[in-house]
Amino acid sequence: MKDHFSMEDASRAFTNKKLISFLIDKHYRYVRHAIMLLSLLLILFNAKSLNDYSGSYEQYSLLVYYAIIVFLVYVNIYLLVPVFFFKGMYLAYLTVLMVLLALVLSIMFSMMEKYFEPHRILERHPISLTRSIISGIVFFVPFVMVSTTIKLVQRWIKDNERISELKNITLRMELNGLKNQINPHFLFNMLNNVNTLVKINPQKASLVILKLSDFLRYQLYDNDEEYTSLTAELDFLSNFLNLEKIRRDDFTFDIDTNQGTRSILLPPNLFTTFVENAVKHSADATGGQSYVHLLIVADEQRLHFRCSNSIVSDEGLQPPLPKGGMGLANIKRRLELLYADNYHLTTETSTKEHIVNLIVPI
């Protein structure tokens, strides 16, 4: 059922995209004009009463009406609408349109009176030129208004696409900015740890520096992509936790996943800040045992990430992150940009343990 709806949604999106492309793409402009001209002819043929004039004058009269409609429509869509309507000059637009209609119709009816009336089949009551112009305006205005509507629809679609593109560019820039702040922040903390370790255990510090090359490789290559595999992300976190284990003998960690999570794609460094802060706040200055446990479980629609870490008892009543911490604020904003309201983030803190639960769609 899920696949069925997905295929329907994909088909509908493809159809809408093709329709929008047909309406605004310059590649189809000649086809659009041909369809419009043919439609105008068919509508006019069905709207205008026939057998008014004898012989070929009936067809000539149809051609006159058709030429006037085409002239008005093209003047409207290429001159009046761009110059007046799109600039908010609605009163000027209507005024110029009415004057143009009156002028064109007066010329048309004068010509019809001179060249076509002698060939009229049925007699009719004399009609003043003013009344004829008013009747002509009532007849021709719907054609002009339809062309205005078409131009408005095209303008609306183009504006929406432009706004959507600007929003996407803005979001990408903000996401990249947040990511570029998180990564140096993470590496800064790692280098501080190495600096401390150099003074205590130079041999371990050398091993940590070698391990850091894996982090830099991930940052330079895998992290530049919009999405990365959960496997790569878990390897990155595992390397980070192993580095911490090398640095601290009293530290343990484990990473548990269920079947099917390895093939999942997700934005890079989605869990880094949570794990980094878990490691930071699990440290016990007295040398007591500390831990970080990661659990990643996925079903068909969601990925559940759980990170729990030990905390020192006298920190139990303190928030696990210092106020104004850049990492947490950035990751929350990033989640909002990536998932809007479709994610769930909660934290639990006791006197001995801090837990982060994050649920995101996949």
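At what angle do helix 7 and helix 8 pack, and how far apart are their axes? Let me start there, and then we'll go through the rest.

Quick housekeeping. This is a predicted model, where local features need pLDDT of at least 70 and side-chain atom pairs count only at pLDDT 80 or more, while totals for chains, interfaces and linings use all residues. Residues are numbered from 1 along each chain as its sequence is written, and side-chain values use heavy atoms, with hydrogens and water left out.

Okay, the pair. Helix 7 covers residues 230–247 and helix 8 covers residues 272–282; they pack at about 15°, with axes 11 Å apart. When I say helix or strand, I mean a DSSP run (H or I and at least four residues for helices, E and at least two for strands), numbered from the N terminus. The axes are lines fitted to C-alpha atoms, for helices over the stretch in contact, and the angles run from 0 to 180 degrees between N-to-C directions. So helix 7 and helix 8 are roughly parallel. The cut-offs there: under 35 degrees is roughly parallel, over 145 roughly antiparallel, 65 to 115 roughly perpendicular, and the rest oblique. Their crossing is right-handed, which says that the near helix is turned clockwise from the far one by less than a right angle; anticlockwise would be left-handed.

Who does the touching? From helix 7 we have Glu233, Phe236, Leu237, Phe240, Leu241 and Glu244, and from helix 8 we have Thr272, Val275, Glu276 and Val279. Contact here is heavy atoms within 4.5 Å. By class that contact has six nonpolar, one polar and three charged residues. For the classes, Ala, Val, Leu, Ile, Met, Phe, Trp, Tyr, Cys and Pro are nonpolar, Asp, Glu, Lys and Arg are charged, and the others, Gly among them, are polar.

Staying with helix 8: it's mostly covered, with ten of its eleven residues buried. Buried is under 20% relative accessible area, exposed is over 50%, and partly exposed is in between, using a 1.4 Å probe and protein chains only. The buried set includes Phe274, Asn277 and His281. Over in helix 7, Leu243 is buried too, at 3% relative accessible area. Leu243 and Val194 sit 49 residues apart in sequence, and their C-alpha atoms are 9.7 Å apart in space.

Now zoom out for a second. The protein has nine helices and seven strands. It runs to 362 residues, and 35% of them count as buried. Take the contacts between residues at least 6 apart in sequence: 72% of those join residues at least 24 apart.

Next pair, helix 3 and helix 4. Helix 3 is residues 57–83, helix 4 is residues 90–115, and they pack at about 165° with axes 11 Å apart. These two are therefore roughly antiparallel. Helix 3 passes helix 4 in a right-handed crossing. On the helix 3 side the residues include Tyr57, Ile68, Phe71 and Leu80, and they meet a helix 4 set including Tyr93, Leu100, Met108 and Tyr115. By class, the contact of helix 3 with helix 4 has 20 nonpolar, two polar and no charged residues.

Also in helix 4 is Met98. Is Met98 buried or partly exposed? It's partly exposed, at 33% relative accessibility. Leaving out residues up to four places away in sequence, Met98 touches Ile137 and Val141. The C-alpha atoms of Met98 and Val141 are 9.1 Å apart, with their positions 43 residues apart along the chain.

That takes us to helix 5, where Ser147 lies. Ser147 is buried, at 3% relative accessibility. With the same kind of sequence neighbours left out, up to four places away, Ser147 touches Val73, Asn76 and Ile77.

Last topic: salt bridges. How many does the structure hold? Two, taking a salt bridge as a side-chain nitrogen of Lys or Arg within 4 Å of a carboxyl oxygen of Asp or Glu. One joins Asp159 and Arg155, at 3.5 Å from N to O. Those two are four residues apart in helix 5 (residues 129–200), so about one helical turn separates them. Asp159 is partly exposed at 25%, and Arg155 is partly exposed at 34%.

Another salt bridge joins Arg302 and Asp299, with the closest N and O atoms 3.7 Å apart. Arg302 is partly exposed at 46% relative accessibility, and Asp299 is partly exposed at 41%.
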